Amino acid sequence: MTQAPLIDPFARPINYLRVSVTDRCDFRCVYCMAENMTFLPKKELLTLEELDRMCSAFVGLGVEKLRITGGEPLVRRGIMTFFESMARHLDSGALRELTLTTNGSQLRRFAQDLAALGVKRVNISLDTLDEKKFADITRWGRLPQVLDGIEAAQEAGMRVKINTVALKGFNEDELFTLVDWCAGRGMDLTFIEVMPMGDLGNEDRLDQYWPLKDLRARLEERFTTIDLAENTGGPARYVRLAETGQKIGFITPLTHNFCESCNRVRLTCTGELYMCLGQEDMADLRAPLRAHPEDDAPLVEAIRAAIARKPRGHDFDYSRQQVGGQMSRHMSHTGG
Ligand code: SAM
Ligand code: SF4
C-alpha cells in the first residue's frame, strides 16, 4: 500500500471490496430479477480497463480482499482478462484474496483458469437439488449444468462454498438433503435470509421469508452446532456441525448485529460505490475516473470522500410484518 488506508468515521478499516462486473445474467431467479429485464446500455458499464483502474485504486488504498460478482460475473465478455489483470495484485502480495460469487453455470469453462490465476475459493449459489424446482426458481437455469460447474471447481482445486437462499415453502423440506449433500462433498454451506429486493411485491416477499433462527432451530433437531467466534466483518455468522465437521453460515442482512464490524463497500457495474447494503447513499466514481483518464488522484479523492460518509448501520426492518427500508435497487445491480 502506498497511501493511507481507508478508515471510516466509525474507525472501521475498509479492506474488502465487492465489485459487480455486469448487471446481466443467464438466469432470472425470482427473488433477484424480473423475467423481462431491461439491462443497462453498454456505455453505462465500466469497461474492463476501467474496472481494472477502479479496483487497483482500491487495492492501493489497502483493500486486501476483492469479491467479483454481478449479475453473473462469468457471462461478462472478456472477464478472464480482468481476472488475469487482478492476479498481478495477488502476485505482488497487495491483495490477499481474489474470489467470486457465481451461479456456477459457466464454471466448467472457467474453473481451471481461475484456479491457475490464484482464485482459491468460490461461492456458488444453489437453492435446491431438485431439477424441476431449480428450473422454477431460476426460471432459465438448468441444474445439471450447475452441478457440473461445481464439480469443475472442485476438480480445479478451489474450495467451494454453497450459498442457499432460505425460502419458506420452497426449500424448507430440503434442509437436511442440502446439508448432507454438501457434507459428502466437503463443502461448507451458507444460508441467506431473503431480502426485500427485486420485483416481487412486499406480500410475496414476506410469504417467502424463512427466518434463519427458525432454520437453525430445525437444524439443531438433528445436529449439534458449535458457535464459531470467526468474524468476517460481514452479515454471516458461522457454526460447526459436530457430527460432520462442516461449517454452516447464516447470513441475516436484515439484522443489525454486524454493522459495527463492517469492513466492506460495494461497487456497481456502473461505478457507483455503495457504502452500506441497506442505504441508498452512493458515490459516483465513474465520473472522476472518466474525466481524468491519466490521473487517479481525483478518483482516490472521491473514494476517500465516499468512505467518510459510510453510515453506522442500515435500515432494513421486517419486525412489524411489513418491509421497512425496502430497497428499490436489485441485488444484480449492487452485487450480492
Ligand atoms: N449471479 C451470482 C450468483 O447468483 O451467485 C452472483 C450475484 S447474486 C445477486 C449474489 C447472491 O445474492 C446469490 O447468492 C443470490 O442467491 C443472492 N440474492 C439475490 N437476490 C437476493 C434476495 N432478494 N435476497 C437474498 N439473497 C439474494
Ligand atoms: Fe442471476 Fe445470481 Fe440474480 Fe440468480 S441471483 S438472477 S443467478 S444474478
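User: In this predicted model, which residue has a polar side-chain atom 2.5 Å from an oxygen atom of ligand 1?
Analyst: The contact joins a side chain of the protein to an oxygen atom of ligand 1. A pair of N or O atoms counts as a polar contact within 3.5 Å. At 2.5 Å, the residue that makes this contact is S125.

User: How much of the area of ligand 1 does the protein bury?
Analyst: Start with ligand 1 taken alone. It exposes 540 Å² in that state. The share of this area buried by the protein is 96%.

User: Which elements give two or more residues to the shell around ligand 1?
Analyst: Three strands meet that condition, listed here along the chain. They are β3 (97-102), β5 (159-166) and β6 (188-193).

User: Which residues place polar backbone atoms 3.0 Å from a nitrogen atom of ligand 1?
Analyst: Look at the backbone here. One such atom belongs to Y31. Another, a backbone N or O atom, belongs to G71. The residues are Y31 and G71.

User: How many charged residues does the shell around ligand 1 have?
Analyst: The shell holds 18 residues, with T102 and M195 among the closest. Seven are nonpolar and nine are polar. The number of charged residues is two.

User: What percentage of the residues in the protein chain is buried?
Analyst: The chain has eleven helices and twelve strands. Its residues number 336, and buried means under 20% relative accessible area. The buried share is 58%.

Definitions and conventions. Residues are numbered from 1 along each chain as its sequence is written. Chains are lettered from A and ligands numbered from 1 in the order in which they are written. This is a predicted model: local features need pLDDT of at least 70, side-chain atom pairs count only at pLDDT 80 or more; totals for chains, interfaces and linings use all residues. Side-chain values use heavy atoms; hydrogens and water are left out. A residue is near a molecule or strand if one of its heavy atoms lies within 4 Å of it. A polar contact is a pair of N or O atoms within 3.5 Å; within protein, one must be able to donate a hydrogen and the other to accept it, and residues adjacent in sequence count only if both atoms are side-chain atoms. Accessible areas come from the Shrake-Rupley method with a 1.4 Å probe; for residues, only the protein chains shown count as cover. Helices (H or I, at least four residues) and strands (E, at least two) are DSSP runs, numbered from the N terminus. Ala, Val, Leu, Ile, Met, Phe, Trp, Tyr, Cys and Pro count as nonpolar, Asp, Glu, Lys and Arg as charged, and the others, Gly among them, as polar. Buried means under 20% relative accessible area, exposed over 50%, partly exposed in between (1.4 Å probe, protein chains only).
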